[in-house]
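Take a look at the model below. This report moves from a pair of helices to the loop that joins them, and then to the chain as a whole.

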Amino acid sequence: MNRPRIPEKLRQLPQRKPKEQPKAPPTAPAPPAENKELLAQRDRLLEKFTVMQADLGGAFYEMAIRDHVRLDVLTRKAAELQRVDAELLAVERLLEIERADAAGLCGSCGSPYGAADRFCPQCGNSLVPAKAAA
Ligand SMILES: [Zn+2]
């Protein structure tokens with residue numbers, strides 16, 4: 001008689017309990033009107049920056065293939081681009097500060113940090129106020 005073999009042990013892996021996911025932080029309330037204005041400004045600047053950056057690249061390309069690179073023109077375009085970039089950065093900073101959980105800006109790198117942060121999330125600078133350390 002040819003009986004089918006049955007595996008000696010049908011091992012069952014112990015069922016793992018699903019790991020509990022850390023609770024997501026409560027969603028921030030809708031931004032106030034002022035914040036919306038900043039967001040719109042940020043989007044405008046971002047778009048402007050993107051367009052200008054492409055324009056700068058295109059200008060350089062056109063000059064390069066004609067073997068006539070005009071550095072003065074490129075430098076002027078780059079300076080304009082830098083100005084927009086700085087504006088964009090300033091708006092982004094404002095937006096970050098307006099976040100409910102931002103407690104202030106890092107004294108070392110200027111990045112916003114949360115009230116619970118002891119070290120700057122950006123550069124690791126200690127955020128313990130100087131007066132408390134003294
Ligand atoms: Zn920092």
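## Two packed helices

Helices α1 and α2 run roughly antiparallel to each other, because the angle between them is over 145 degrees. This is a predicted model. The packing angle is about 160 degrees. The two axes lie 9 Å apart. In general, a packed pair of helices is described by just these two things, the angle between the axes and the distance between them. The crossing of α1 past α2 is left-handed.

Helix α1 covers residues 33–65, which makes 33 residues. From first C-alpha to last, α1 reaches 48 Å. That is close to the 48 Å expected at 1.5 Å a residue.

## Across the pair

Helix α2 spans residues 71–98, and Thr75 lies in it. How far apart are Thr75 and Leu56 in space? The C-alpha to C-alpha distance is 9.3 Å. In sequence, these two residues are 19 residues apart.

Is Thr75 buried or exposed? Count its neighbours: 10 other C-beta atoms lie within 10 Å. Thr75 is therefore exposed, since the cut-off for that class is 12 or fewer.

## The loop between them

Asp67 follows α1. It sits in the loop between α1 and α2. Its phi is near 55 degrees. That is a positive value, in a residue other than glycine.

Asp67 has 6 other C-beta atoms within 10 Å, so it counts as exposed.

## The whole chain

How many helices and strands does the protein chain have? There are 3 helices and 2 strands. Along the sequence, they follow the pattern α-α-β-β-α.

The protein chain has 134 residues, and buried residues make up 2% of them. Now take the contacts with a separation of 6 or more. Of these, 32% join residues 24 or more positions apart.

## How far to trust it

The average pLDDT of the protein chain is 81. A score of at least 70 is reached by 69% of the residues.

Where is confidence highest, and where is it lowest? The highest mean belongs to α1, at 93. The lowest belongs to helix α3, residues 130–133, at a mean of 49. Where pLDDT is low, predicted coordinates should not be read in detail.

Technical notes:
Residues are numbered from 1 along each chain as its sequence is written. This is a predicted model: local features need pLDDT of at least 70, side-chain atom pairs count only at pLDDT 80 or more; totals for chains, interfaces and linings use all residues. Helices (H or I, at least four residues) and strands (E, at least two) are DSSP runs, numbered from the N terminus. The expected span of a helix is 1.5 Å times one less than its number of residues. A residue is buried if 20 or more other C-beta atoms lie within 10 Å of its own, exposed if 12 or fewer, and partly exposed in between; C-beta atoms are placed from the backbone. Two residues are in contact if their C-beta atoms, placed from the backbone, lie within 7 Å. pLDDT is the predictor's confidence in each residue, from 0 to 100. Axes are lines fitted to C-alpha atoms, for helices over the stretch in contact, and angles run from 0 to 180 degrees between N-to-C directions. Angles under 35 degrees count as roughly parallel, over 145 as roughly antiparallel, 65 to 115 as roughly perpendicular and the rest as oblique. A crossing is left-handed if the near helix is turned anticlockwise from the far one by less than a right angle, and right-handed if clockwise.
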